[in-house]
Amino acid sequence: MKNEQHVIITLFGATGDLAHRKLFPALFRLFKEHIIDEHFAVIGTARRSWSDEYFREKIKEACLEESEDSEDINRFTSHFYYLSHDVTNTAHYVALNNLANSLEEKYSTHGNRLYYMAMAPQFFGLIATHLNEENLLNVSGYKRLLIEKPLGRDLESAIQLDKEIKNAFKEEQIFRIDHYLGKDMIKFLPKLKSLPLLKENWSYKGISKIEVTMAESLGIEHRAGYYEGTGALRDMIQNHALQIIASILSPNNRPESGSQQTLRSISLSELFIPNTDQIKQNFIRGQYGEGDGQLPYLSEEGVGNESRTETYVAGKFESQSPTWKGVPIYFRTGKRMKTKSARVDILFKKPLIILKGLKPINVLSIIIDPNPHITGRLLDKENSRWSVDWRTLTNGEKQIEAYQRLIEEALNGEKADFVTIENLKQTWRLIDPIESYWESEEPINLPTYNSGSMGPELANKIIKDDSGWLFKK
C-alpha cells in the first residue's frame with residue numbers, strides 16, 4: 001500500500017490544453033489509487049475569470065473517460081480551486097499565498113507545496129522569482145517545481161532560465177519534465193537490454209545502425225503561435241528524440257557511473273557535435289504541403305507565406321564512445337506523416353533469438369507509442385516476423401500513463417525520470433549548431449513533402465546503406 005500524499009499542488013496554466021488532456025486525468029488516476037486522497041488540494045491559476053464551480057466542471061469533462069462514477073469524480077473535483085492570476089502582478093501572489101495557507105489548514109497538507117508550470121515558458125523565471133519574494137516558498141514541508149518544455153530556445157537562454165529559477169529553487173527541488181522518460185517502454189528499456197543475447201550484442205559489435213522515428217499524423221492544429229517560434233527540431237528532437245537516444249545508448253553494466261539521469265547525460269555528452277559539413281550532408285528539414293485533402297503548412301492559420309519553419313527533420317548522430325564507435329544513429333520526426341508512431345528500429349549484424357520460442361531476427365523494433373510492444377523480423381523476409389505485446393513482455397505488468405507516473409514520482413521526490421540541467425545543456429549543444437546553420441542558410445533548402453507521406457524524398461539520402469529506413473510505412 002502506497003502512502004497517501006499530503007500536498008497542495010498549484011497549477012499555472014490550468015485552463016490550457018495540456019492540463020485538460022493530460023494533467024487532470026493523471027491526477028484523477030492518482031486519486032483513484034489513493035496516492036492523493038483526503039489531504040490534497042489543487043489550485044488552478046490562469047488569466048481567465050473562472051469560478052471554482054466552472055473550473056470543476058471542466059475537470060469533470062476531462063475525466064469522463066476515466067470513470068462513470070459521478071460520486072467519485074465529484075469527491076475528486078471538490079479538492080480543486082481556481083484563482084484568476086496575472087503572473088506579473090505581485091498582489092496576485094499574495095492572494096495565492098492566502099488561499100494556499102487556508103487550504104493547508106483545511107486539508108492538513110503538512111506544509112508540502114508542488115508548483116507545476118504548464119504555460120508559456122517566458123514566464124517561468126518570473127513566476128519562480130515571485131514565489132520566492134512573496135513567501136510562497138516559506139513552508140514547513142517540501143517545495144518542488146515541475147516545469148514543462150521548452151526550456152529555453154538555445155543553450156544561452158536555457159542557462160539564463162536556469163539561473164532565474166535557481167534564485168528560488170535548488171536543483172534537487174526542480175523536476176524538468178520530458179514525458180517520454182515516463183513512458184512504459186522507455187522505463188522497460190533496462191530490462192530489455194539485460195536479456196542475455198541483447199546484452200551481449202548491445203554495442204558496435206552487434207548493431208549496424210539505430211533509427212528513431214517520431215511520426216505524427218496531425219498538423220500544427222491551430223498552434224501556429226507556438227510552432228512558428230519553435231519548429232520540429234526544437235519541438236521534438238532537442239528533447240524527446242535525444243532522451244530516447246540517450247536511453248538506448250546508456251549502458252546497463254556501469255552502475256558505478258551513477259543513476260539513470262547520469263548515464264543519459266554521459267551518453268549525450270559522447271555524441272559528436274556536428275560541424276557545418278556534417279550538417280549539410282546529414283540533416284534534412286522540410287514542410288508539409290498538400291495531400292489527403294489537407295492544407296499545406298503555409299496556408300495554416302497564423303503562418304505567413306514566407307515561413308521557413310520546418311515541420312519535418314531527419315538527421316544522423318554518431319557517438320565517440322568506444323561502445324558505439326561507427327554506429328550511425330538516425331532520427332526523424334514530422335507532422336502530417338503517413339502514420340502516428342514513436343519507435344526505435346535496430347539492425348543487428350547477425351540474426352539473434354531474443355526470446356525462447358521465437359524465430360531469429362536481425363531487426364528489433366521497440367514501439368513506444370501507440371500500444372507499447374516489441375516486434376522482430378528478418379530484413380526483407382516478410383514471413384519471418386513476430387510481435388510481443390506489453391502484457392506478455394512484462395508478465396502482466398500494469399501500464400501506467402506517463403504523466404501519472406511522473407507526477408507521482410515528483411510527489412515522492414524521485415528524480416530518475418527527469419532531466420538534469422547538465423542533460424539539458426548537452427541537448428542544446430547538439431542542436432544549436434544545426435539551428436544556427438539553418439538560420440543563415442542561403443539559398444534555403446526546405447523541400448515540401450506531401451501530407452500523408454513519410455517525409456521528403458531527400459531524407460532517404462541520409463541512410464548510407466542498402467536497407468534504407470527500416471520503418472517504411
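**Exercise 1. The lining of the largest cavity**

Task: In this predicted model, how many nonpolar, polar and charged residues does the lining of the largest cavity have?

Solution: Start with the residues themselves. The largest cavity is lined by Lys149, Leu151, Arg176, Ile177, Asp178, Gln238, Asn239, Gln243, Val419, Asn423, Leu424 and Thr427. Next, sort them by class: 4 are nonpolar, 5 are polar and 3 are charged. Now look for the elements behind them; helices α10 and α15 (421-440) each supply at least two residues of this lining. Finally, add the volume: the largest cavity holds about 110 Å³ of space, and the model has 3 cavities of 30 Å³ or more.

**Exercise 2. Arg176**

Task: Is Arg176 buried or exposed, and which side chain does its own side chain join in a polar contact?

Solution: Begin by placing the residue, which sits in strand β6 (residues 174-176). Then check its accessibility. Arg176 counts as buried because its relative accessibility is 2%, and the cut-off for buried is under 20%. Now turn to its polar partners. The side chain of Arg176 makes a polar contact of 3.0 Å with that of Asp162, and it also reaches the backbone oxygen of Val419 at 3.1 Å. To complete the picture, set aside neighbours within four places in sequence: the contacts of Arg176 then include Ile147, Leu151, Lys166, Glu171, Phe418 and Leu424. Arg176 is also one of the residues lining the largest cavity.

**Exercise 3. Two nonpolar cores**

Task: Which residues have the most contacts inside the largest nonpolar core, and which helix gives the largest share of this core?

Solution: First, the core has 108 residues, and those with the most contacts inside it are Phe169, Trp202, Ile210, Leu364 and Ile366. Its largest share, 11 residues, comes from helix α10 (residues 231-249). Apart from this core lies another, of 40 residues, with Leu23, Phe24, Cys63 and Ile177 among them. Then zoom in on Trp202: beyond four places in sequence, Trp202 touches residues including Ile248, Trp324, Phe348, Leu364 and Ile366. As background, nonpolar side chains tend to be buried together in soluble globular proteins.

**Exercise 4. Helix α5**

Task: Which residues of helix α5 are buried, and which elements do they pack against?

Solution: Go along the helix, residues 124-133, and pick out Phe124, Gly125, Ile127, Ala128, His130 and Leu131 as buried. Then follow their packing, which is against β1 (5-12), α4 (90-107), β4 (113-117), β5 (143-147) and α6 (155-165). Last, step just past the end of α5, where Asn135 takes a positive phi of about 70°.

Methods:
Residues numbered from 1 in each chain as written. Predicted model: local features only at pLDDT ≥ 70, side-chain atom pairs only at ≥ 80, totals over all residues. Heavy atoms only, no water. Buried < 20%, exposed > 50% of the residue type's maximum accessible area, 1.4 Å probe, protein only. Helix = DSSP H or I, 4+ residues; strand = E, 2+ residues; numbered from the N terminus. Contact = heavy atoms within 4.5 Å. Core = buried A, V, L, I, M, F, W, Y, C linked by side-chain atoms within 4.5 Å. Polar contact = N/O pair within 3.5 Å; in protein donor to acceptor, adjacent residues only side chain to side chain. 1 Å grid on protein atoms, 1.4 Å probe; cavity = no way out; pocket = protein on both sides within 12 Å on 5 of 7 lines; lining within 4 Å. Points joined across faces, edges and corners; volume = space filled by probe spheres on them. Nonpolar A, V, L, I, M, F, W, Y, C, P; charged D, E, K, R; others polar.
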